[in-house]
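Me: Pick one part of this thing and take me through it closely, then tell me what else is worth a look. Please give me the cut-offs as you go.

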Amino acid sequence: MNLDRRLLRETRQATPSLLAVALCYWLAGVLLVGQAWVLSQVVAQVFLEGATLHDVMVWLAVFAACAAVRSALVWCGQVAAQHLAGAVKRNLRARFAAQLIALGPAYAQGERSGELATTALEGIETLDAYFGQYLPQLFNAALVPLTFLLLIAPLDPISGILMAVTAPLIPFFMVLIGSQAEQLTRRQWRALRYMGAHFLDVLQGLTTLKVLGRSAEQTETIARISDEYRRRTMAVLRVTFLSALMLEMLATLGTAIVAVEVGLRLLYGSLSFRHAFFVLLLAPEFYMPLRTLGARFHAGVAGATAAQRIYQVLGMPIATPSVEALPAVPRITSVAAEKTSPHVFAAHTPIHFADVHFAYEDGARPALRGVSFDLLPGQKAALVGPSGSGKSTIVQLLLRFIEPQQGSIYVGDVPLVSIDPVWWRTQVAWVPQQPYLLNASVVDNIRLGRPDATIEEVIAAARLAHAETFIRELPEGYDTLIGERGARLSGGQAQRIAIARAFLKDAPLLILDEATSGLDAHHEELLQMSLAQLMHGRTVLVIAHRLTTTQNADVIWVLSGGRIVEYGQHRELLARQGLYYQMATAYGPIQGIA
Amino acid sequence: MTGTPCRLVRLIMPYVPRMILALLVGFATIASSVGLMATAAHIIASAAYHPPLAALQVAIVGVRFFGIARGVLRYLERYLSHQVTLRLLAHLRVWFYRALEPLAPARLLHYRSGDLLSRIVSDIETLEHFYLRVLAPPGVALLCAVLIGGFIVRYDTLAAIVVLASLLVTGALLPGATRLLSRSPEHQLADARASLAAALVDAIQGLADLLAFNQAPEQHTRLMQLNDHLLQIQARIVRLAALNDALGGLLANLAAAALLIVTVPLVREGRLDGVSLAVLLLATLASFEAVAPLPAAFQQLDNNLAAARRLFEVIDATPAVQDIAPASPQPVDYSLEVQALRFRYAPDAPLALDGITFRVPAGGRVALVGASGSGKTTLVNLLLCFWEYSEGSIRLGGYDLRAYRAEDVRRLIGVVTQYTYLFNGTLRENLLLARPEADETALWHVLETAQLADFVRHLPDELETWIGEQGVRLSGGERQRLAIARVLLRDTPILILDEPTANLDALTERALWHALEVLMRGRTCIIITHRLAALEGVDEVLVLQAGRIVERGHHSELLEHDTLYRRMYRLQTALLA
C-alpha cells in the first residue's frame with residue numbers, strides 16, 4: 001500500500017512529530033466516540049424520558065466542549081503532520097543536493113539536468129502530500145476504526161462483528177482494483193503519454209508547421225487526438241472508478257446493514273435505544289477514515305513514485321578512488337597549502353599525464369585510451385581534435401570532476417589524486433566555452449572567482465576582460481540580475497564574465513575552452529586581447545578552435561579517439577599533412593602562413 | 001462580457017448540459033447518504049416504540065436502497081464528470097490552438113522557450129478541471145442546502161434557518177476568509193519556490209563552474225536557506241488550512257447542538273415527535289458532507305482564473321499579419337525584389353531593417369551575411385509573411401507580397417533553418433508533413449537526394465521508426481538532411497536557407513553543403529550563413545550591419561578589397577575544425 005520502507009525510515013527525522021500526529025488523530029477519534037455517546041444520551045432523554053432543554057443543557061455543553069477539543073486536536077494533528085513532512089523534505093533535499101554535488105558535473109550535465117532539478121524540487125514536494133496527508137490518514141484508518149471497535153464491541157458485539165468483517169474488505173478491494181487499473185494503464189502507457197504530450201509537441205513545432213503550410217489543419221488533428229485520448233482514458237477510468245464504487249458501496253452498505261440490524265434488535269427489545277442510536281451515530285464515522293484514505297490514495301502513489309527516483313539518485317555510487325588505497329605518498333592538504341605559496345607550488349611544477357584512461361557509463365563509452373603528456377611550467381599548450389576525441393575529458397580530469405580509471409596524473413612527483421581537490425582547484429582557473437551564469441547579480445557572478453573580492457577588484461577584473469562597457473549599459477550596472485529571471489547576456493558577454501572571473505581568481509594554471517567564433521570582428525578582437533593578457537605568465541592548457549591560438553602555442557596535442565595521434569608545433573604538424581592539417585584546412589584556404 | 005470569469009463561462013457553454021447532468025448525479029449521491037442516515041434514524045427511533053415489523057419495512061427498504069444508490073451514483077458521477085473534463089480538455093486545446101495559430105510566430109516570440117509553452121499546456125490542464133474542481137462542489141452544495149433546508153423547514157422554520165446558516169458559514173464564509181488570509185503567504189510561496197528552483201538549477205547546471213571555484217558547499221548552504229524559507233511559508237499556509245478544517249468540523253457539531261437547542265423544546269411542547277428529532281439530527285450531520293470540498297474549490301477558483309487570464313493574454317494579441325487579399329495572383333516568375341525596405345518590431349523599437357534594396361532573379365542566389373542582430377532573420381520573417389512591413393516593398397513574381405494570401409506565399413517558399421523541429425512520431429509522418437499525398441517512391445527519392453536513404457535503411461523500422469523525444473535521437477546532420485528532404489518533397493520554386501549548418505562540426509557541415517547544393521539547383525535562393533566559404537557560387541553577397549547593407553558584390557570581389565567581409569572571412573578561415 002505504497003508504504004515505501006525507505007520513506008518510512010525518513011520519519012526518524014522527526015519522531016516526536018510522527019507520534020504527535022498519531023496521538024492527535026487517535027485522541028480525536030476517541031473524542032468522536034464521546035461526542036456520539038453524549039448525543040445519543042441527549043436524544044434518548046428527550047425522546048423517551050421527556051427531558052427538557054434545561055435538563056440536557058449540561059450534556060449539550062459537554063458535547064460542544066468535546067467538539068472544540070477535537071477541533072484543536074485536528075489542527076494540531078495537521079500542523080504536526082506538516083512539521084513531519086517539512087523535516088523529511090529538508091533532510092532529503094539536503095542529501096539530494098549533496099549527492100548531486102558529489103556525483104559531479106559528469107553526471108548532472110546535459111538533458112538529465114532538467115529532470116534532476118524537477119526531482120529535487122517537484123519530486124521532493126510530492127512527499128508533502130505523502131507525509132502531510134497520506135501517512136496521517138493511514139494512521140487514522142488503522143487506529144480510529146480499531147478504537148471504535150474496542151468501544152462498540154462490548155456494548156453491542158453483533159454490530160462490532162459486522163463492522164470488523166466489512167472494514168477490511170475496503171482496502172482489500174481497493175488494492176485488487178487498483179492493481180487492475182494499474183495494469184491497464186501500463187498497457188496503454190505509451191499511447192496515453194504520446195497523446196497527452198501531443199498538444200505541447202504541436203505548440204513547439206508551430207513555426208515549422210506554418211512554414212510547411214500545415215498549421216491550419218492541425219486543429220482537426222488536435223481534436224482527433226484529444227478525442228482518442230479521452231476514449232482511452234475513460235476506458236482506464238471505468239476500471240479505476242470501480243474502486244470508488246466498492247469503497248462507497250461497502251461503507252454505505254455497512255452503515256445500512258448496521259442500521260437495520262440494530263433497529264431490528266431494538267424492535268425485539270434486545271438492545272436499548274441509546275445504545276442503538278449511539279451505534280448508528282458511529283457507523284458512518286467508523287468507515288470515514290477508510291474512505292478518506294481512498295481519496296488520499298493518489299498522494300500515496302505519487303509519493304512512492306517520486307521516492308523511486310529520489311532514492312535511485314541517492315543510491316548512485318560515487319566514483320572517487322579512495323586516497324587511502326594509494327601507495328603511501330605525502331598527502332597535500334589545505335593545511336600544507338598554507339605553507340606553500342600557490343604560485344610557488346603550481347607555477348613551477350610540471351603536470352604529467354601517464355597513460356591515462358577514462359570511460360563514461362561504466363566503461364561503455366571510452367573517452368581516453370592511454371593519454372600521456374607533460375605540461376611544463378609556463379608552457380602554452382593547445383589541445384585540438386574532432387568533437388568526441390577526449391579534449392573535454394582531459395579538462396574534467398584536471399579540474400578533478402572525474403579521476404583516471406587507469407594510469408595517473410602527477411603534479412611534480414605527487415599523484416593528483418592524493419591532493420585535496422578543494423586546494424587543487426584554488427590553483428586552477430577555468431574559462432569554459434559556455435560558462436554558466438548564476439541566477440544572481442553581475443557582481444556576484446564575477447565574484448565567483450574570489451568571493452571575498454572588493455567591488456573595486458571586481459570592476460578591475462571586468463575591465464581587464466573588456467566587460468566593463470556592456471555591464472555599465474545594463475539597467476542596474478553591476479547589480480543587474482542575470483539568468484532566467486533577469487537580463488539575458490549573449491554568448492560573447494557570458495564569456496567575458498567568465499574571463500573576468502579568471503582574472504579575479506588569479507590562479508597559476510589556466511584552462512581555457514575556446515569558443516568557436518561568430519562573425520563579429522570587433523568582439524573577436526577584444527576577446528583576443530583579454531585572453532592574451534590572461535594567459536600572460538601562467539601555465540595554459542587551451543582547447544583550441546583558432547589557428548591564431550595554435551600558431552602561438554608552445555606545443556599542440558592532436559587528439560583522436562581518446563589518443564594523442566600527433567603533437568608538435570603548428571608548422572611541423574602542417575608539414576605532416578595529418579589530422580591537424582585536415583582540420584586546419586577544413587574551412588578554406590589557410591591564412592597567415594608566412 | 002469581457003472579464004475573465006465571463007469569458008471562461010462562455011468557453012464552457014457547450015458543455016453546460018453535460019455538466020448539469022453530472023451535477024445532478026453528484027447531488028443525488030450526497031442526497032443518498034443524507035437519505036440513508038435519515039431513514040436509519042427513522043428505523044431506530046421508531047423501533048424504540050416496538051411497533052410491528054411491518055411498520056418498519058418501508059424504511060428498511062429505503063435504507064438498503066440508499067446504501068446501494070450511493071455507491072452506484074458515486075461511480076456514475078465520477079464517470080460523467082471526467083467525461084466532461086476530458087471533453088473540455090479537447091475543446092480547450094482546439095479553441096486555444098485556433099486562436100494561437102494566426103499569431104505564430106510573430107506574437108509568440110517571448111514564448112519561444114519551452115518553459116512558457118509548458119506553462120500554457122499546464123494552464124489548459126488547470127482549466128480542464130474547471131467543472132470538476134470549481135463549478136461542481138458549490139453546485140452540489142447549493143442543491144444539498146436546498147434539499148436539507150426544504151426538508152427541515154417542514155418541521156420548523158427556525159431549525160431550518162439554523163442549519164442553513166451553519167452550512168453557509170462552513171461552506172462559504174469560512175473558506176472565503178481563509179482564502180483572503182492565505183493569499184499573501186501564497187504569493188510569497190510562489191516567490192520562494194521560484195527562488196529555490198533557480199538556485200537548484202544553478203547548482204545542477206552550474207555545478208562545473210561552482211566546483212571549479214570551490215563554491216559548491218556555499219551553494220548547498222544557500223539552497224538549504226532557501227529551502228527553510230520555503231518550509232516556513234508552507235507551515236504558515238498549512239496552519240491556516242488546518243484552522244479552516246478544524247473550524248469546519250467544529251461548526252458541523254455546533255450546528256447539531258444548535259439544532260437540538262431549537263428542537264428539544266418543540267418535542268416537549270408536542271410540536272415535534274421524538275422520531276423526527278432523531279431524523280433531523282442525523283440528516284443535518286450527514287448534510288455537512290456537501291460543504292467539505294468547498295475550501296479546495298475556493299482555492300481552485302483562484303488558480304483557474306489566473307490560468308484563464310494568462311491564456312487570454314496570450315491569444316488577445318492581434319495577428320502580426322492580416323490576410324486581406326481575397327485570392328493570390330499568379331506570379332509571372334519566381335523572382336524576388338526588395339525595395340527600400342524599412343521595418344521595426346514595435347513603434348518604439350529601433351529599426352531592424354533600414355532601407356534594404358536588392359533583387360534575386362528567378363533561379364538566382366543572393367546571400368545575406370552579418371553579425372547576429374544585423375537584420376538577416378528579420379528579412380526572412382518578412383518574406384515568409386510572419387510580419388507586416390510598413391515602408392518599402394517586397395515583390396514576388398512581379399506582384400507586391402501583400403497581394404498574396406500569406407498561405408500562398410509560404411506555399412512557394414521552402415525553408416531550412418538551424419532549428420529543425422521534429423515531431424514525436426514516425427520518420428514517415430515527419431516527412432509527410434511536407435506533402436501528405438507523397439507516395440513511397442517519392443519519399444525514397446527525396447531521401448536519396450538528401451543523402452539520408454542509407455541511414456534510414458539501417459534504422460530498425462526504416463520509415464516507421466519513431467523519432468522525436470520518445471524515439472530514436474537523430475544527430476544534427478541527420479536532422480538537417482530530414483529538413484532538406486522535406487523541402488525537396490514540397491518542391492517549392494523559392495528557397496530560404498537560414499543558417500542551415502549552424503552548430504554542426506566542420507566535416508558534417510561540408511557534407512551537408514553538398515546536399516544543399518542539390519536542393520538549391522533551379523530555385524530562387526536566399527542564403528544566410530556564417531560559413532562564408534560556401535558563398536563562392538552565389539550571385540551577390542549582401543553584408544548587413546545594423547539593418548543596412550554596408551557592402552555588396554560577388555564573394556571574390558569583396559575579398560579583393562579591404563572590406564568588412566574580408567575581415568569576417570579571415571576570422572572564419574582562421575578556425576580549426
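Reply: Two strands pair if DSSP finds at least two bridges between them, and the strands themselves are DSSP runs (E, at least two residues; helices are H or I, at least four), numbered from the N terminus. This is a predicted model, where local features need pLDDT of at least 70, side-chain atom pairs count only at pLDDT 80 or more, and totals for chains, interfaces and linings use all residues. Residues are numbered from 1 along each chain as its sequence is written, and chains are lettered from A and ligands numbered from 1 in the order in which they are written.

Let's go with strand E8 of chain A, residues 539-543. On one flank, strand E3 of chain A (residues 380-384) runs parallel to E8(A) and is joined to it by 4 bridges. A:Ala381 sits opposite A:Leu541 of E8(A) there. Strand E7 of chain A (residues 509-513) is also parallel to E8(A), this time with 5 bridges, and A:Asp513 has A:Ile543 of E8(A) as its bridge partner.

Now the side chains. A:Thr539, A:Leu541 and A:Ile543 point one way from E8(A), while A:Val540 and A:Val542 point the other way. That fits the usual pattern: in a regular strand the side chains alternate between the two faces of the sheet. Every one of those five is buried (20 or more other C-beta atoms, placed from the backbone, within 10 Å of its own; 12 or fewer is exposed, in between partly exposed). With 5 of the 5 residues of E8(A) buried, the strand is largely enclosed by the rest of the structure.

For a helix to set beside it, try H19 of chain B (residues 564-573), where B:Tyr565, B:Met568, B:Tyr569 and B:Leu571 are buried. They span an arc of only 160° around the axis, so they lie on the same side of H19(B); the arc is taken from the directions from the helix axis to the C-beta atoms. Their cover includes a piece of the other chain, helix H19 (521-535) of chain A, along with strands E3 (365-369), E11 (540-545) and E12 (548-553) and helix H18 (555-560) of chain B.

That brings us to where the chains meet: 122 residues of chain B are in contact with 131 of chain A, contact being C-beta atoms, placed from the backbone, within 7 Å. Helix H8 of chain B (residues 216-268) gives the most to chain B's side, with 26 residues.

Conventions. Contact = placed C-beta atoms within 7 Å.
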